[in-house]
Amino acid sequence: MKNHVDGRRSHHSIAVKSDLTTRLNRIEGQIRGVKGLIEKDTYCNQVLNQIAAIQAALNSVRKVLLTGHLSECVVERIQQGDAEVVDELLQTIQKLMK
């Protein structure tokens, strides 16, 4: 994934990319399923439970990405003397906690 500002790229292995793609495809299907439930006037509680499952799946994707970012990108930039990455990481964490 190319950063439009400075050209940095992620360092995901083929296995991680495959895992993330599989997870996101599943989430995409779950979202389509929720849309179908709403169109069929499914009882709200069932729809809410499906939305909770989608949020949990998105959180799992976020954890994989954050773990990789910390262990690869952040460490690499710190080793290169780029302390600005800490401020960037703090801003990202702030956004994740909203």
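**Exercise 1. Find which helix holds Gln 79 and decide whether Gln 79 is buried or exposed.**

Gln 79 sits in helix H2. Keep in mind as you work that this is a predicted model. Next, take the accessibility: Gln 79 has a relative accessibility of 66%. The cut-off for exposed is over 50%, so Gln 79 counts as exposed. To place Gln 79 further, pick Ser 13 as a partner: the two are 66 residues apart along the chain, and their C-alpha atoms are separated by 20 Å.

**Exercise 2. Work out how H1 and H2 are arranged, and which classes of residue make up their contact.**

Two packed helices are described by the angle between their axes and the distance between the axes. Start with those values: the axes of H1 (residues 14-39) and H2 (residues 44-79) come within 10 Å, crossing at roughly 165°. Angles over 145 degrees count as roughly antiparallel, and H1 and H2 are therefore roughly antiparallel to each other. The handedness comes next: H1 passes H2 in a left-handed crossing.

Now look at the residues that meet. On the H1 side they include Leu 20, Leu 24, Ile 27 and Ile 31; on the H2 side, Ile 51, Ile 54, Leu 58 and Val 61 are among them. Sorted by class, the contact of H1 with H2 has 17 nonpolar, three polar and two charged residues.

**Exercise 3. Do the same for H2 and H3.**

Helix H3 covers residues 84-96, and its axis is 10 Å from that of H2, at an angle of about 165°. H2 and H3 are therefore roughly antiparallel to each other. Their crossing is left-handed.

In this contact, H2 contributes residues including Arg 62, Leu 66, Leu 70 and Arg 77, while Glu 84, Val 85, Glu 88 and Leu 89 are among those from H3. The class count is eight nonpolar, one polar and four charged.

**Exercise 4. Decide how the radius of gyration of the protein chain stands against the globule rule.**

First, list the elements: the protein chain has three helices and zero strands, in the order α-α-α from the N terminus on. For 98 residues the globule rule gives 13 Å, and the radius of gyration is 17 Å, well over that value, so the chain is more spread out than a compact globule.

Then add the dimensions: the C-alpha trace spans about 55 × 30 × 20 Å along its principal axes. Buried residues account for 15% of the 98 residues. Finally, turn to contacts between residues at least 6 apart in sequence: 48% of them join residues at least 24 apart.

Terms used:
Residues are numbered from 1 along each chain as its sequence is written. This is a predicted model: local features need pLDDT of at least 70, side-chain atom pairs count only at pLDDT 80 or more; totals for chains, interfaces and linings use all residues. Side-chain values use heavy atoms; hydrogens and water are left out. Axes are lines fitted to C-alpha atoms, for helices over the stretch in contact, and angles run from 0 to 180 degrees between N-to-C directions. Helices (H or I, at least four residues) and strands (E, at least two) are DSSP runs, numbered from the N terminus. Angles under 35 degrees count as roughly parallel, over 145 as roughly antiparallel, 65 to 115 as roughly perpendicular and the rest as oblique. A crossing is left-handed if the near helix is turned anticlockwise from the far one by less than a right angle, and right-handed if clockwise. Contact means heavy atoms within 4.5 Å. Ala, Val, Leu, Ile, Met, Phe, Trp, Tyr, Cys and Pro count as nonpolar, Asp, Glu, Lys and Arg as charged, and the others, Gly among them, as polar. The radius of gyration is taken over C-alpha atoms; the globule rule is 2.2 Å times the number of residues to the power 0.38. Buried means under 20% relative accessible area, exposed over 50%, partly exposed in between (1.4 Å probe, protein chains only).
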